[in-house]
Amino acid sequence: MRANPRAMQVARHTFTSTSTGLNPELYPMRLFQKAKKLGVWDPAKIDFSQDAADWQSLSDIERDLLLRLTAQFIGGEESVTYDLLPLLLVAADDGRIEEEMFLTSYLFEEAKHVEGFARFLSEVVGDHGDLSHYLTPSYCRIFMEEQPAAMNRLRTDASPIALAEAAVTYQMITEGVLAETGYHAYFTVLKEHNLMPGMQELVQNIQRDES
């Protein structure tokens, strides 16, 4: 196990930008360029007015399904917003400025996703009460136990094994399996039934961020 670098690092001796310079060919820098180009959308500007009207026309069963999906998505987005920081700190401690720049944009995007779903719940659903009952045991196992454990391990252990486990948990399971398939289903259902254009726009923006 590697000692905690944040406990040892008390000063810097150089900056990449003033010595070797940034490397635009590194994969994180290419992702950073894509994030700047494709990630500049504002969840506060999405129009949910038609969504609110559509919500009133839904049956109780349909509302329950959308609430379940929304609760699980906003909880998942909140969890990744919390849990990404240790990975960003590892990049910073190792002096990988290009990687940290990309991860900073990544964290910004996750926060936007939380805001978007929060607006939907507030402006479309209205008084929805506590949605925690929609979070199943398997869901809680991933987002409240496995993912936080894998990511927060990086605060004291940035070994290759710890990094690999964090990446598999976060990128492949949470984002690659759960989020991508879930968002595809969410968008497809709304589009096929010509419902909630605001939510369709939100999900499309999030899918673009994630990919």
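## Helix 3 against helix 6

In this predicted model, the axes of helix 3 and helix 6 approach within 9 Å and cross at roughly 60 degrees. That angle makes helix 3 oblique to helix 6. The crossing of helix 3 over helix 6 is right-handed.

On the helix 3 side, the contact is formed by Asp51, Ala52 and Trp55. Helix 6 contributes Phe120, Glu123, Val124 and Val125. Sorted by class, the residues of this contact are 5 nonpolar and 2 charged, with no polar residues.

## Helix 4 against helix 6

Helix 4 covers residues 60-83 and helix 6 covers residues 97-125. Their axes come within 9 Å and cross at roughly 150 degrees. An angle over 145 degrees counts as roughly antiparallel, and helix 4 and helix 6 are therefore roughly antiparallel to each other. Helix 4 passes helix 6 in a left-handed crossing.

From helix 4, the contact takes in Leu67, Thr70, Phe73, Ile74, Glu77, Glu78, Val80 and Thr81. From helix 6, the residues are Leu107, Glu110, Ala111, His113, Val114, Phe117, Ala118, Phe120, Leu121 and Val125. Of the residues in the contact between helix 4 and helix 6, 12 are nonpolar, 3 are polar and 3 are charged. Phe120 and Val125 of helix 6 take part in the contact with helix 4 and also in the contact with helix 3.

## Isoleucine 97

Isoleucine 97 belongs to helix 6. Its relative accessible area is 30%, so the residue is classed as partly exposed.

Setting aside residues up to four places away in sequence, isoleucine 97 touches Thr16 and Leu22. Phenylalanine 15 is separated from isoleucine 97 by 82 residues in sequence, while the C-alpha atoms of the two are 9.1 Å apart in space.

## Helix 9

Helix 9 runs over residues 197-210 and has 14 residues. From its first C-alpha to its last it reaches 20 Å, close to the 20 Å expected at 1.5 Å a residue.

Helix 9 is mostly covered, with 10 of its 14 residues buried. The buried residues are Gly198, Met199, Gln200, Leu202, Val203, Asn205, Ile206, Gln207, Asp209 and Glu210. These buried residues pack against helix 2 (27-38), helix 3 (49-57), helix 4, helix 6 and helix 8 (160-192). The partners of helix 9 thus include the three helices described above, helix 3, helix 4 and helix 6.

## Threonine 169

Threonine 169 is located in helix 8, one of the helices against which the buried residues of helix 9 pack. Threonine 169 has a relative accessibility of 15% and so counts as buried.

With neighbours within four places in sequence left out, threonine 169 is in contact with Glu146, Gln147, Ala150 and Thr174.

## The chain as a whole

The protein chain contains 9 helices and 0 strands. In sequence order the pattern is α-α-α-α-α-α-α-α-α. The C-alpha trace spans about 60 × 35 × 25 Å along its principal axes.

The protein chain has 211 residues, of which 41% are buried. Among contacts between residues at least 6 apart in sequence, 78% join residues at least 24 apart.

Note on methods. Residues numbered from 1 in each chain as written. Predicted model: local features only at pLDDT ≥ 70, side-chain atom pairs only at ≥ 80, totals over all residues. Heavy atoms only, no water. Axes fitted to C-alpha atoms, helices over the stretch in contact; angles between N-to-C directions. Helix = DSSP H or I, 4+ residues; strand = E, 2+ residues; numbered from the N terminus. Parallel < 35°, antiparallel > 145°, perpendicular 65-115°, else oblique. Left-handed = near helix turned anticlockwise from the far one by under 90°. Contact = heavy atoms within 4.5 Å. Nonpolar A, V, L, I, M, F, W, Y, C, P; charged D, E, K, R; others polar. Buried < 20%, exposed > 50% of the residue type's maximum accessible area, 1.4 Å probe, protein only. Expected span 1.5 Å × (residues − 1).
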